[in-house]
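Reader: I have a model open on my screen and would like to know what stands behind the labels people attach to it. Could you take me through them?

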Amino acid sequence: MRTLAPPTLAAGAGALAGPGTAVPVADPPPLISLQGAGVRFGPREALRDVTLQLRRGDRIALVGANGSGKTTLLRLLNGLVAPSSGQRRLHPPAGGARRGPVTAMVFQRPFLLNFSARRNLALALWLAGVPAAERGARVDEALARVGLLAQAAQPARALSGGQQQRLALARAWAVRPDILFLDEPTASLDPSAKREVEALVEAFGQAGMALVMSTHNLGQAKRLASRVLYLDAGRLLVDCPADDFFRRTDLPPEAAQFLRGELPWTS
Amino acid sequence: MDILTPRRRLLGRALALAGLALGLAAPAARAQAPFIVMASTTSTEQSGLFGHLLPAFKAAAGTDVRVVALGTGQALDMGRRGDADLVFVHDQAAEEKFVADGYGLKRLPVMYNDFVLVGPQADPAGVRGQDVLAALKKLAASTASFVSRGDKSGTHAAELRYWKAAGIDLAAARPAGDPSHAGRPAGYKECGCGMGPALNIAASTGAYVLADRGTWLSFKNRADLQILVQGDTRLFNQYGVIVVNPARHPHVKQALAQGFADWVVSPAGQAAIAGYKIGGEQLFFPNAGR
Amino acid sequence: MDALAQSLGLALRLVADADPALWRIVALSLRVSGTACALGAGFGLLLGAWLAVARFPGQGLVVGALNTLLALPSVVVGLLVYLLLSRSGPLGSWGLLFTPAAMVVAQSILVVPLIAALTRQLVADALREGGDELQAMGAGRLLSALLLLAHQRLAVLTVLLTAFGRAVAEVGAVMVVGGNIDGVTRVMTTAIALETSKGDLPLALALGLVLLGVVALVNLAVALARARGAGAPGPALAGAAAG
């Protein structure tokens, strides 16, 4: 097993750094770090010995074949599942009284409750502990951000697939997360809905949210990510800047095979 | 409609519980009149006597009488448990034991009605007449069906006494083909049920049954059943009223219960009993103090 | 069938005559069973939701026991409550026996397993679909279960209607703990039992038809409320109308 060098300065600085730029920018502080973490479900080892650091400004694409552990890694990072071995550590954001970063997650098929779009967002804010006085304004702002303000009073489950995913993004946006996790967010959508969602994800990243997105779609990864993590059978094989990943010739054989096997969507 | 925020759901649940409290409190609030609980028998209730007698008592004394109708055995058990303030049943032996065991204060005879032997009009066993013991002997010798209540009731106890007096041993099986043997008749069936259901079974299967006249007169599902034996003085069925002993159950409303017992044996109560008729026929014959 | 036609005519006449005694009995039936369902819902919904999310040793046994209690005969419940509330029993001093309150207690005990078992299944199914997302949003397990109850409020309503049907139609429990006292604890089912044992079968059947009619009205009212507040159809499929 060969791993590439840990993220360099260039990767850490995200979209700002380009090839050849020698800007001495300090690494942004880590938000979540994993140290030799593994997750085991009964006899099955879904993740093995994963070490990585998630930093502010990261735009990470998680790629790999089905069953490689992408979803498990997302859930581990977000705290939905506990590590069976190794460590997961949260780092409090600068100047904050909170114990760790605020996170939000968008799933492949969004689960919306049987209420109006607005009520779904208000509920998310209530769960996040946002005081009642602020909720109304933040809900409206988030709905406007994703272009669903006109549908605010409609039952959330009556919206189209693309609208529902945008609503899920609005729900994430409303809680003002430090990190947004996305598990194949456009896999169930038609091409135009896919474009809308990608545009929103890109905009969220521009606004300073760290993004961790698993995807099958290498074109999407190329478009949105600054850093790529490649998983194979539960092991983290590659962790490098996005440009490097797609141009690199010295990738581990599994990763190279994976790249070749996927048709590069450029749309 | 998505009015159900988490807070509102909790509120809804609280309202439901409040509604429950109201639902429970309302009947208590409504029941302002003083009341006593009287354990009596299903046959007495089904005769309709209480519908006639209790309003008269309420007018005289202002007390509501809440009747729980069970079999005599169960009614006395209820008195033993203290769940009733007084009992009004028709099984003298059991009643006297009830008082002797200390569960009741004093047994006052109140009235009697009579039993009748009822059977199919065709009378296959040939029991028609005025002698109940002779009738039972003929029944036992035949293959006709007989329905017994089998439920520890006063009627059931009376029925068992008559079989015994007729020399029939219900516990002994009768060998097939031996009509003269003094054992249990071939068609004897126990239903473990009240008088009405027993009559229902007899009506639908053409069987004989011992019934109290009151239930029989109110019974509407007669099919081809008829009274075949009546008038035998042995068929008279004595009722008694007993106030439950407050020494055993201090919560018993002795004063109010005694009020009913005293009224029902008084001339006013006795007249009310005599005044109850079905189809012009008197059912119960007052005999207090005799 | 002649008896049925006769009973139908008798039932219509009973309703038309608006006999106050009959309506008192109907009102008591509705009040007792409605209150029992409200109380049963309070416990049953919480119990079902909690069982759907709880993880403890022996949980399978508890769920099995709950499902077994679905077949609890009403007369057995009546006997147990009678023994509790009897003057010779532990709670005799409360003086609840032979009152509508005792009937409410008995029927509540009867419907709690029904509501809990069905709710548990509802919530468990919904959790499979949305448990992760609710957890990701920060909802603890019991809160997730309660949110899913609100999410599935129409299905919950059906569960409550089922419980109401069970309660209003049972006779064993209310007969034993209520005593079928005329004007105090006589409800539709005990009145039907009484008329049956008096041999007045047409009247008993007629009362049965009146009971069914009343419950049908209740169901109609609920169905109308449902139709007005019906939730949206299922999530739109990918590729359907453009967002």
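Author: Gladly! Let us begin with what gets a label: helices are DSSP runs of H or I with at least four residues, and strands are runs of E with at least two. By that rule, chain A has 9 helices and 9 strands. Please keep in mind that this is a predicted model.

Reader: What makes up the secondary structure of chain C, in helices and strands?

Author: Chain C comes to 10 helices and 0 strands. Read along the sequence, its pattern is α-α-α-α-α-α-α-α-α-α. Its C-alpha atoms fill a box of roughly 65 × 50 × 30 Å along the principal axes.

Reader: How do you know that the length of helix α7 of chain C agrees with what is expected?

Author: Helix α7 covers residues 153–169 of chain C, which makes 17 residues. The expected span is 1.5 Å times one less than the number of residues. That gives 24 Å, and the end C-alpha atoms are 24 Å apart, so the two agree.

Reader: Which residues of α7(C) are buried, and what do they pack against?

Author: The buried ones are C:V156, C:V159, C:L160, C:A163, C:F164, C:R166, C:A167 and C:V168. They pack against α2 (20–53), α5, α6 (141–151) and α10 (201–228) of chain C. As a general point, an α-helix has 3.6 residues a turn, so residues three or four places apart point the same way.

Reader: Why is C:F98 called buried?

Author: A residue is buried if 20 or more other C-beta atoms lie within 10 Å of its own. C:F98 has 24 of them, so it is buried. It sits in the loop between α4 (74–85) and α5 of chain C, and its phi is positive, about 65 degrees, although it is not a glycine.

Reader: And what makes A:D49 partly exposed?

Author: The partly exposed class lies between the cut-offs of 12 and 20 neighbours. A:D49 has 16 C-beta neighbours inside 10 Å, so it counts as partly exposed. A:D49 belongs to strand β2 (residues 44–55) of chain A.

Reader: What is notable about the phi of A:D49?

Author: Its phi is near 50 degrees, a positive value in a residue other than glycine. In general, most residues other than glycine have a negative phi.

Reader: How many residues are in the largest nonpolar core, and which have the most contacts inside it?

Author: That core has 198 residues, and those with the most contacts inside it are A:V212, A:V228, B:L86, C:A102, C:A106 and C:V177. Helix α5 (residues 100–136) of chain C gives the most to this core, with 20 residues. Apart from it lies another core of 34 residues, among them B:A144, B:W163, B:M195 and B:F219.

Reader: What does A:V228 touch, leaving aside residues up to four places away in sequence?

Author: A:V228 touches A:A61, A:V63, A:A221, A:V238, A:C240, A:A242 and A:F245.

Reader: How do α2(C) and α5(C) pack?

Author: They pack at an angle of about 35 degrees, with their axes 5 Å apart, and their crossing is right-handed. By class, their contact has 25 nonpolar, 8 polar and 1 charged residues.

Reader: What share of each chain, A and C, counts as buried?

Author: In chain A, 51% of the 267 residues count as buried. In chain C, buried residues make up 47% of 243.

Key
Residues are numbered from 1 along each chain as its sequence is written. Chains are lettered from A and ligands numbered from 1 in the order in which they are written. This is a predicted model: local features need pLDDT of at least 70, side-chain atom pairs count only at pLDDT 80 or more; totals for chains, interfaces and linings use all residues. A nonpolar core is a set of buried Ala, Val, Leu, Ile, Met, Phe, Trp, Tyr and Cys residues joined through C-beta atoms within 7 Å. Two residues are in contact if their C-beta atoms, placed from the backbone, lie within 7 Å. Axes are lines fitted to C-alpha atoms, for helices over the stretch in contact, and angles run from 0 to 180 degrees between N-to-C directions. A crossing is left-handed if the near helix is turned anticlockwise from the far one by less than a right angle, and right-handed if clockwise. Ala, Val, Leu, Ile, Met, Phe, Trp, Tyr, Cys and Pro count as nonpolar, Asp, Glu, Lys and Arg as charged, and the others, Gly among them, as polar.
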